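Subject: A structure for you to look at

Hello,

Here is the structure I promised to pass on. Please open it next to this email and follow along.

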Amino acid sequence: QVQVVESGGGLVQPGGSLRLSCTASNSRFTIHTMGWYRQTPGKQRDRVAIIRRHDDYIDYAEAVKGRFTISRDNAGSTVYLQMDSLKPEDTATYYCHVDLKTPTGWSEAWGQGLEVNVSS
């Protein structure tokens with residue numbers, strides 16, 4: 001069973017920065033894509049940014065383009081989300097997501113979620 005462990009998050013003032021980290025371990029399958037999603041109460045979970053392991057393809061939500069940067073380590077099992085110029089509307093629970101390629105198809109795993117609160 002893959003383990004997804006997140007760190008970072010917290011309280012920051014508008015205009016500030018935070019860095020989230022996520023490590024996937026104990027996976028029997030190949031990591032295909034890792035990324036970050038976010039969710040606020042009563043709303044659906046939305047994709048923030050993803051990075052594909054084999055070619056480093058990256059995609060961002062329009063709301064965070066130019067402010068957030070996703071990156072990974074050389075092993076491809078840890079991803080980072082550098083969040084700059086944070087706005088109150090970035091306040092949410094942020095979840096790390098892992099897409100796994102299995103011999104028979106696909107699987108996925110989620111982290112436990114990190115609180116990000118942008119407030120003065």
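Two strands count as paired if DSSP finds at least two bridges between them. Strand 9 and strand 10 (residues 105-110) meet that rule, with six bridges in the antiparallel sense. Please keep in mind that this is a predicted model.

**Strand 9 and its partners**

Start with strand 9, which spans residues 92-102. A hairpin of two residues leads from strand 9 to strand 10. One bridge pair there is T102 with G105 in strand 10.

Strand 9 also pairs with strand 4, again antiparallel, through nine bridges. T33 has D99 in strand 9 as its bridge partner. Then comes strand 11, joined to strand 9 by three bridges in the antiparallel sense. Here A92 faces V116 in strand 11.

What holds such strands together? Strands of a sheet pair through backbone hydrogen bonds, either parallel or antiparallel.

Is strand 9 mostly covered or mostly open? Nine of its eleven residues are buried, so "covered" is right, given that buried means under 20% relative accessible area.

**H97: a polar residue inside**

Look at H97, which is in strand 9. H97 has 6% relative accessibility, so it counts as buried. Which side chain does H97 meet in a polar contact? The partner is E108, at 2.7 Å. Beyond its neighbours within four places in sequence, H97 is in contact with T33, M34, G35, Y37, E108, A109 and W110.

**I31 in strand 4**

Now find I31, in strand 4. I31 is buried, with a relative accessible area of 7%. Its contacts, leaving aside neighbours within four places in sequence, are A24, R53, G76, S77, V98, D99 and L100. V2 is 29 residues away from I31 along the chain, and the C-alpha atoms of the two are separated by 10 Å.

**The open sheet**

Next, turn to an open sheet of four strands, in the order 1-3-8-7, with antiparallel pairing. Strand 1 (3-7) and strand 7 (68-72) are the edge strands, and each pairs on one side only. Neighbouring strands in this sheet are turned by 15° against each other on average, direction ignored.

Strand 1 and strand 3 (residues 18-25) run antiparallel and share five bridges. E6 stands opposite C22 in strand 3. Strand 7 and strand 8 also run antiparallel, joined by five bridges. Within that pair, S71 stands opposite Y80 in strand 8. Strand 7 and strand 8 form a hairpin, with five residues between them. In the turn, G76 has a positive phi of about 80°.

**The disulfide**

How many disulfides does a search of the whole structure find? It finds one. C22 and C96 form it, with their sulfur atoms 2.0 Å apart. The angle about the S-S bond is -80°, and the link of C22 and C96 is left-handed. C22 sits in strand 3 and C96 in strand 9, so the disulfide ties together parts that are 74 residues apart in sequence. Both cysteines, C22 and C96, are buried.

**The core**

In soluble globular proteins, nonpolar side chains tend to be buried together. In this model, the largest nonpolar core has 29 residues. The residues with the most contacts inside it are W36, L81, M83 and Y94. Among the elements that give two or more residues to this core are strand 3, strand 4 (30-39), strand 5 (46-52) and strand 8 (78-83). Strand 9 gives the largest share, five residues.

Pick out L81 to see how this works. Not counting residues up to four places away in sequence, L81 touches L18, R19, L20, W36, V48, A49, F68, T69, I70 and Y94.

**Two loop residues to check**

Finally, look at D56 and S85. D56 lies in the loop between strand 5 and strand 6 (58-60). D56 has a positive phi of about 60°, although it is not a glycine. At 38% relative accessibility, D56 counts as partly exposed.

S85 lies in the loop between strand 8 and strand 9. S85 is not a glycine, yet it has a positive phi of about 50°. Its relative accessible area is 41%, so S85 is partly exposed.

Best wishes

Definitions and conventions:
Residues are numbered from 1 along each chain as its sequence is written. This is a predicted model: local features need pLDDT of at least 70, side-chain atom pairs count only at pLDDT 80 or more; totals for chains, interfaces and linings use all residues. Side-chain values use heavy atoms; hydrogens and water are left out. Buried means under 20% relative accessible area, exposed over 50%, partly exposed in between (1.4 Å probe, protein chains only). A polar contact is a pair of N or O atoms within 3.5 Å; within protein, one must be able to donate a hydrogen and the other to accept it, and residues adjacent in sequence count only if both atoms are side-chain atoms. Contact means heavy atoms within 4.5 Å. Axes are lines fitted to C-alpha atoms, for helices over the stretch in contact, and angles run from 0 to 180 degrees between N-to-C directions. A nonpolar core is a set of buried Ala, Val, Leu, Ile, Met, Phe, Trp, Tyr and Cys residues joined through side-chain atoms within 4.5 Å. A disulfide is a pair of cysteine sulfur atoms within 2.5 Å.
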